[in-house]
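Biologist: I should be grateful for a close look at a single chain of this model. Please explain each term as it arises.

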Amino acid sequence: MFFIYDNLAATLVAMAVMLVLLSMQQRMRDVSIEQVGMYTAKKHSLDFGLWMRDDIANIGLGVSGPPVVEHTPHATLAGMTSSFSFLKKLNPSDATPSTISYQLEEVYEADGVTQQTLQVDTLSVPLFEVRRLVNGVVEGKSAPFITYFAIDLLDVNGVSVSGVVELTEQVRMTFSMGVPYASRSYVRETHWGATIQVN
Amino acid sequence: MPQTLLAFLAMMIVTLLAINQQQRVLRIYESMLDDEMEVMAAGVALQALEIVEAQAFDSATLGGAPVTDPSQLTTLPFATGNGCSLRGLNTLCDDVDDFNGMTPDTLSFTMRNGVTFAFEVTATVDYVTTTGAGVAVALIPTYDKQITVMLQDVPQPGGRRLLFNPVRLTRLKSCDACS
């Protein structure tokens, strides 16, 4: 009887130890994935912020007269920008300036119908990507994890102006980027924002 | 009896491993928060840098006055402790070296959910030489200045900072009015 009891107790302890080890292993795997996702979001955010900054700082470069900037707010998502365009010469030798546009586009699941979403706290936030178009042709885009994108055109006093404006002194750009594989991540989004002086 | 001791030992080892792992997970989460803050700080630093860079190269070039020799520029060491503003008009600081060692100013970043994080911003300015292998700090006036903006988050209640180290962003500004 004692022999059976000893073996039973040993089996139970071994099973408990194995369960704890397995759960630790799984937890570390999840955290590692979160860490990689966070690094990806950080890298994408910094890259996207800096190349937009380089574009925006040169609004109207080589354009005679005031640079015309057009800004369209999103139809349904308050505070977000649907598109933003301006003129500038990409090369000093260009005969005419190019139209640079930034457009917010939905990101869809494989079925092409359902928009991808990210769970942030209790909210299901739709995912977007921002495309950069030069004269109507897509020449680049952000990572498809944008959850918020807003451009504010400001005058010299920092007051918002809207629609088609002839001259903008400063541009405030703000975006949030979701963390990939973030369904259970500790940090779900990164946030970037800056007010850029137009040269 | 030996079986009980072995079982006890096994449980102790597993408990120690679990505690270690939990501490490691906490450190990783703190590092992820630091990453999130760094992205915010990078945007704010860029904004601060834009404001400093928008000022005149030197008090000698204010109003577009031509400079024909570096000795006409502000001599070292630059003054420190100016109360420069990184948010609006700068009457006190109208050229870039006025921002050197400035009294820390506070810039905030507001997330779309309304949560605001404040950053203390300071700057250092140096004359640099850009010839040769790279950029080197110069001890005499030159036609290039290096602006470095440093940000550290304002401590949370309890004195804890979320950024492990200050974020630094550097840019060179050359003198347009110099020849």
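Modeller: Chain B carries 10 positive and 19 negative side chains, where Lys and Arg count as positive, Asp and Glu as negative, and His and the chain ends are left uncounted. The centres of these two sets are 11 Å apart, each charge being placed at NZ of Lys, CZ of Arg, CG of Asp or CD of Glu. The model is a predicted one, in which local features need pLDDT of at least 70 and side-chain atom pairs count only at pLDDT 80 or more, while totals for chains, interfaces and linings use all residues. Residues are numbered from 1 along each chain as its sequence is written, chains are lettered from A and ligands numbered from 1 in the order in which they are written, and side-chain values use heavy atoms, without hydrogens and water.

The secondary structure of chain B consists of 1 helix and 5 strands, in the order α-β-β-β-β-β from the N terminus. Here helices (H or I, at least four residues) and strands (E, at least two) are DSSP runs, numbered from the N terminus.

As for overall form, the C-alpha trace of chain B spans about 95 × 45 × 25 Å along its principal axes. The radius of gyration of chain B is 24 Å, whereas a compact globule of 179 residues would have one near 16 Å; the value is taken over C-alpha atoms, and the globule rule is 2.2 Å times the number of residues to the power 0.38.

Among the 179 residues of chain B, 42% count as buried, that is, under 20% relative accessible area (1.4 Å probe, protein chains only).

Conventions: Buried < 20%, exposed > 50% of the residue type's maximum accessible area, 1.4 Å probe, protein only.
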